[in-house]
Amino acid sequence: MAETLYYRTASELSRELESKKITSEEIVRSVIERTKAVDGSVGAFISFDEDDALARAKASDERRSRGRELGPLDGIPIGIKDILAVEGQPLTCASRMLGKFVSPYDATAIRKLKENGAVIWGRLNMDEFAMGSSTENSSVKTTVNPWNTDCIPGGSSGGSAACVAAGEAPLSLGSDTGGSIRQPAALCGVVGMKPTYGLVSRYGLVAFASSLDQIGPFAHTVEDAALLLQAIAGHDDRDSTSFKTDIPDYRKEIEKKRGPWKLGIPKEYFGEGLDPEVRKAVQAAVEFYRSEGCEIVDVSLPHTEHAVGVYYIIATAEASSNLARYDGVRYTHRSPEAVDAIDLYFKSRAEGFGPEVKRRVILGTYVLSSGYYDAYYLKAQKVRTLIRGDFLKAFNEVDALLTPTTPSPAFRKGEKTDDPLQMYLSDTYTIGANLAGIPGISIPCGFSESGLPIGLQILGRPFHEGDLFAIANTFEQAHHYHAKHPELK
Amino acid sequence: MAKDENGIDIDYVANLARISLTDEEKERFSGQLGDVLEYIEKLNTVDVSGVEPTAHAFPLENVWREDTAEPGFSVETALQNAPASRRNMVVVPKVVE
Amino acid sequence: MNYEAVIGLEVHVQVKTESKMFSRAPAGYGHEPNTLTDPVVLGLPGTLPVMNKRAIDQIIKAGLMLGCDIAPVCKWDRKNYFYPDSPKNYQISQYDQPICVGGQLEIELPGPSRNVMGEHKFVKLTRIHLEEDVGKLNHYDDDSLVDYNRAGTPLMEIVSEPDMRSGYEAYAYLTALKQIMICGGISDCDMEKGQLRCDANISIRPEGSDTLGVKVELKNLNSISGVRNGIDYEIQRQIKVVEAGGQVIQETRRWDAEAGAATLMRTKEMAHDYRYFPDPDLMPVRVDQEWLENLRATLTELPYERQRRYFEEYDLPYTVTSVLVPDHRLAGFFEETAEKCGRPKAAANWIANDLLRELSAAGIGIDESKLRPDHIAALVKLVEEGVISNNIAKEVFVEMFKSGELPGEIVENKGLKQSSDTGELTALCNEVIAANPRSVEDYKAGKENAINFLKGQVMRATRGKANPKVVDEVLREELGKL
């Protein structure tokens, strides 16, 4: 039975664990074997600790054998983007800068997973410091799209998406600053959610852009994503931006038969640059919702065209400051060539950071530098207010928005690496949710003719993740795209 | 000032960011960032008069903790990732003003 | 030409708290290196700051004591610069919205002599903001070692207007500031421990001019005398430059107390570009009226207000108040004593003279003294009731300082009670009269002073226990009989 476990959903595995049909050790062994078999070609993992994962699995089985009532994640392996601190494990952010760093503390999300008995499984590849949309900016390795290994898996959480798509973990955690969960989820044909800013503690999430970053789940199904979000959501007194709000039982939110929903179609998300196959798939999804009795309304988010510009000012400005701590002094790569402390900075940072990180740190430093703050950062913050206002206004009218997650299916490796602006523009549809702080989910809604997955993005009201899960689940139950898996050697 | 007639004064900014760049990098980044900045210029068409800046997606106030201390790291843990240490302190090359 | 100096100070004061400004790691001084850290203090990847409520209470209290306006809303900004003692290479600080705005500090200028009060002056404050301290660099020949214990300690920056005119005024400013911070429980202000640090902005201009000259920033003024010396040195340097036909250049200089000179650190061209922006990890602080009033209710009297009250309420001389007032614990001790014995002047004298002498001889502080207000109050009463003489009281004081015994016990145990038994005294007086015919002659010849010698003889014979007033009466009576 073990060899078929790795593609089961977490919810199924959980039920079978509960009924004692299987053990956590069997699941973890199955996942380890699968990873060993396919990760050579997928490249999702930066590192993993088999022994540690098996020890956690056995501990879970033992808890269960003692008859204790366990949570749904107990004994379920979860892959972790290499941007979350796990005590005693490496934390590289796919950067040479943190090549030797071992975290002496747990991120709050990780602590919560451990408290839920989950098996922390492996460190997943990403764009260096989460800066990128293709995982090609990893300094460690290349991750490919399991549906077509010539294509990128998306990014920055490319490893987190690819590992679920390839059956190397039923669940994984990623982080999303401008689409880094939803975009790779769409391109790899899995479910990915960016929660409302403030729902999941950022403590222990290595900061890229503090006012935009959120941790979120990757899963095969909407129910699984809800299960994982349930475990990590909630107020944390170690994160001043964490929100005090009651967390509903998301699975109950899914089960509640609500609706019919009033769904908005923002016209700015269906304009120029949208791939016809993606347009077709998303329009089909819209029609599905209409046929389900949902009211479909055209809405406008007039400031959408400015989202990428605002994003690249705010995100790079915050990043330039957040990444200043990687300096060769306390815990990072230290250039052996440095002659004095100042030289140490210049050389360690030149050697430790890859080109995209350097590019963004330079841009962020520039927009904050003397004489430019008002023209760039302050201006961007004001336009951010307008963008946020567009969304909140739309939500006065509709329950959620339906959009494509990405303008096109996965592109080929190397296609956009020399043109950062084109790469940045591929985040057009996802960035708005980060700027507005609202939740968004991407679910598979079809395939291109060449067999690449297409994602449907559903954006919702702040702290209404339950609505998004319910709306997404309606589609998933009728289509079962999640049951399709890529063929891998 | 960080801008010259060609766009970003890359030397000034790289110095602020404490990253040494090769000539090739300087040229490439200047060009690429020039494109990005040109794209960003679009923001100038937006009327933001009377608009408050958004610093936080959901504004909260007075988020604090009480003043109670908890034991932190042991020296060993504090220094476990340090590239070099001596006398329980982090060694850095000579600091010159 | 005569020149006038224009001086503004930037003073950093460490705020007294249990834990650090933005993390739960303990705050403290004198610990082994790198033992007061945690993930946040070290700026490890992924860590986030959370404000320490007490640090904010403390700065608001400081602001209220200094007459500042407390901003209804203030926020946190990042000040970006690279330095090895800075764990994140940015410092969380307050840029354009400090918590305290305006305010003033009362200082005392030198009087005509030490015993005469000088003129008082108010130095205006620009602002006070809160930030986090950095770690400490220890320099060696070939490298430097970093200790992050101090990193993250709450730190107030108090910025004055350019309202001071001499090194002495800066000295008086720091002294007054320090007293307020200590008496308010805001900081211990120990300069040796770096709890109070001072930078000065100094310029000169022709006397009578009201334009500002080019200012020089003087750093590393790390003792109160260093502040005075360093500033006076810099004023003289600038005058020399101008008198030699040169111009003062805007630059930062570093005071070297040992060398008694300052050296150039950086010029304006090398000035920092700090790239301030609001810290996205922290939320703004909103201070409402209720919070302010609660804190206002906890404020203590300012030292100079206390001094004025001592003049009015207790009629104490300047010299005594200037000893009692600067140390709020000593002042508190005095007030308790005065209340207990009802004789503020006597209490003040005992404390300002005898107690301070004994404390300094024993090398201890007032808090460690076994002698408490009850002791002095009881002693004052014994003297007042005539049980012991002033001279005996001095002896008893030393004894009770040492042992902590109450004066009544000491007087009892050592048999120091003043003798007023006139029968015994009459006999003694007559013995003295008989033994000193010459003094008797002088007295009878109208030399009033001669009786003092006889009195002294009697006192000596009683080992000081006799009541001098009674001795005087008996002697006069017996002499009158001759």
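Mentor: Let's fix one term first: a residue is buried under 20% relative accessible area, exposed over 50%, and partly exposed in between. Also keep in mind that this is a predicted model.

Trainee: Got it. Is C:Asp188 buried, exposed or partly exposed?

Mentor: Its relative accessible area is 41%. Buried needs under 20% and exposed needs over 50%. The value sits in between, so C:Asp188 counts as partly exposed.

Trainee: Which residue does C:Asp188 form a salt bridge with?

Mentor: In that salt bridge the closest N and O atoms are 3.0 Å apart. The pair links distant parts of the chain, 172 residues apart. C:Asp188 sits in the loop between α2 and β13 of chain C, and its partner in the loop between β1 and β2 of that chain. With a relative accessible area of 38%, the partner is partly exposed too: C:Lys16.

Trainee: And A:Glu115 and A:Arg111, how many residues apart are they?

Mentor: Their side chains meet in a salt bridge at 2.9 Å, N to O. A:Glu115 is exposed at 56% relative accessibility, while A:Arg111 is partly exposed at 36%. Both lie in helix α5 of chain A, about one turn of the helix from each other, and that makes them four residues apart.

Trainee: In the salt bridge of C:Arg306 and C:Glu301, what is the distance, N to O?

Mentor: Look at the two ends before the gap. C:Arg306 is buried, with a relative accessible area of 12%, whereas C:Glu301 is partly exposed at 24%. Their side chains meet, N to O, at 3.7 Å.

Trainee: How many salt bridges does the structure hold over all chains?

Mentor: The ones we have looked at sit within a chain, such as C:Lys16 with C:Asp188, but some cross between chains. Between chain B and chain A the rule finds three, and between chain A and chain C it finds two. Over all chains, the total is 74.

Trainee: Let's try chain B against chain A. How much area do they bury between them?

Mentor: The contact takes 59 residues from chain B and 67 from chain A. In chain B, the residues that lose the most area to chain A are B:Arg18, B:Leu43 and B:Phe58, together 13% of what that side buries. Carbon and sulfur atoms carry 70% of the buried area, which comes to about 5,400 Å².

Trainee: Which residue does A:Lys358 meet in a salt bridge?

Mentor: Chain B and chain A have three salt bridges across their interface. In this one, the side chains come to 2.9 Å, N to O, and the partner is B:Glu25.

Trainee: Which element gives the largest share of the side of chain B that touches chain A?

Mentor: There are 17 residue pairs in polar contact between these chains, counting pairs with both residues at pLDDT 80 or more. On the chain B side, α1, α2 and β5 each supply at least two residues. The largest share is ten residues, and it comes from α2(B).

Trainee: Now chain A and chain C: what is the area buried between them?

Mentor: Here 40 residues of chain A meet 32 of chain C. Carbon and sulfur atoms give 57% of the buried area, and the whole is about 2,900 Å².

Trainee: Which residue forms a salt bridge with C:Arg24?

Mentor: Two salt bridges cross the interface of chain A and chain C. In this one the closest N and O atoms are 2.8 Å apart, and the partner of C:Arg24 is A:Asp237.

Trainee: Last topic, chain A itself. Why is strand β10 largely enclosed by the rest of the structure?

Mentor: Strand β10 covers residues 440-447, and we check how many are under the 20% cut-off. It is largely enclosed because the buried ones number seven of the eight residues.

Trainee: How many bridges join β10(A) to strand β11?

Mentor: β10(A) also pairs with strand β5, antiparallel, through three bridges, with A:Met193 opposite A:Ile441. Toward β11(A), A:Gly446 stands opposite A:Ile454. That pair of strands is antiparallel as well, and the bridges joining them number seven.

Technical notes. Residues numbered from 1 in each chain as written. Chains lettered and ligands numbered in written order. Heavy atoms only, no water. Buried < 20%, exposed > 50% of the residue type's maximum accessible area, 1.4 Å probe, protein only. Pairing = 2+ DSSP bridges. Contact = heavy atoms within 4.5 Å. Buried area = accessible area lost by both parts, 1.4 Å probe. Salt bridge = Lys/Arg side-chain N within 4 Å of Asp/Glu carboxyl O. Polar contact = N/O pair within 3.5 Å; in protein donor to acceptor, adjacent residues only side chain to side chain.
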